[in-house]
Amino acid sequence: MSEIAKFVNGGAESITPTIAEKVLRLLPQWKLEFTQISAPKFPHLIDQLEFLADAVEDAVEGAYKDLPYTAISQAVFALLYTHKKTGMLSETFLELGRADDSSVVRAVLIQNEKAFAAYAGKQGLNWQKITSQP
């Protein structure tokens, strides 16, 4: 298991249903903030974050009940991780910060590929397009 996957798994262990519900209430604002991310070296990062945000919304609200809690908690962790850095780093360092954001998000997508691919299919989304690049 990669170090990033271990980091994600460790962080996800601290995500409780209460934290997931709190994040759910913040997601509309976070989605707007995610669209403002400038990460030309990581062109799929925004789409991947929006995908994870949508999956968390649907799962926590009960609209999609087939997502394992491990996938939900890892997605919540990735969203929290990415959001905490928004606005904290100067423009000079943001590109460096996006590399680890992308790595964390991709670790979540890869570890839960089967579950997220099924979710994407139910939503009419092309899973390959979501995961095609870091």
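Which helix supplies the largest share of the lining of the largest pocket? I shall return to that point shortly, after a brief introduction to the chain. Please keep in mind throughout that this is a predicted model.

The protein chain holds seven helices and zero strands. Read from the N terminus, its elements therefore follow the order α-α-α-α-α-α-α. Of the 134 residues in the chain, 46% are buried.

Let me now answer the opening question. Helix α3 gives the largest share of the lining of the largest pocket, namely four residues. Both α3, residues 45-61, and α7, residues 127-131, supply at least two residues each. The complete lining consists of H44, D47, E50, F51, D54, L125, N126, K129 and I130. By character, these lining residues divide into three nonpolar, two polar and four charged. The volume of this pocket is about 170 Å³.

I turn next to the helices themselves, beginning with α1, which spans residues 3-12. Its buried residues are A5, V8, N9, G11 and A12. Looking down the axis of α1, one finds these buried residues within an arc of 165°, so they line one face of the helix. For those new to the subject, a general remark may help. An α-helix has 3.6 residues a turn, so residues three or four places apart point the same way.

Helix α6, residues 113-123, can be described in a similar manner. Here A115, F116, Y119 and A120 are buried. Seen down the axis of α6, they fall within an arc of 135°, and so they too line one face of their helix. On the other side of α6, the residues K114, G121 and K122 are exposed. After α6 comes G124, which has a positive phi, near 75°.

We come now to the aromatic residues. A pair of aromatic rings is described by the distance of the centres and the angle of the planes. How many aromatic pairs does a search of the whole structure find? The search finds seven. One of them joins F7 and Y81, with 5.5 Å from centre to centre and 75° between the planes, an edge-to-face arrangement. This pair links distant parts of the chain, since F7 belongs to helix α1 and Y81 to helix α4, residues 69-85, with their positions 74 residues apart. F7 has a relative accessibility of 39% and therefore counts as partly exposed.

A further pair is formed by Y64 and Y119. Their ring centres are 5.0 Å apart and their planes stand at 75°, so this pair is edge-to-face. It also links distant parts of the chain: Y64 lies in the loop between α3 and α4, whereas Y119 lies in helix α6, 55 residues apart. Are these two residues buried or exposed? Y64 counts as buried because its relative accessibility is 9%, and Y119 is buried as well, with a relative accessible area of 2%. Both tyrosines also belong to one aromatic cluster, which is made up of F51, Y64, F116, Y119 and W127. F51 thus connects two parts of this talk, because it is a member of the cluster and also lines the largest pocket.

My last example is S73, a residue of helix α4. S73 is buried, at a relative accessible area of 5%. Which backbone oxygen does its side chain reach? The side chain of S73 reaches the backbone oxygen of T70, at 3.0 Å.

How values were computed. Residues numbered from 1 in each chain as written. Predicted model: local features only at pLDDT ≥ 70, side-chain atom pairs only at ≥ 80, totals over all residues. Heavy atoms only, no water. 1 Å grid on protein atoms, 1.4 Å probe; cavity = no way out; pocket = protein on both sides within 12 Å on 5 of 7 lines; lining within 4 Å. Points joined across faces, edges and corners; volume = space filled by probe spheres on them. Nonpolar A, V, L, I, M, F, W, Y, C, P; charged D, E, K, R; others polar. Buried < 20%, exposed > 50% of the residue type's maximum accessible area, 1.4 Å probe, protein only. Arc of directions from axis to C-beta. Phe/Tyr/Trp six-rings, centres within 6.5 Å; stacked < 30°, edge-to-face > 60°. Polar contact = N/O pair within 3.5 Å; in protein donor to acceptor, adjacent residues only side chain to side chain.
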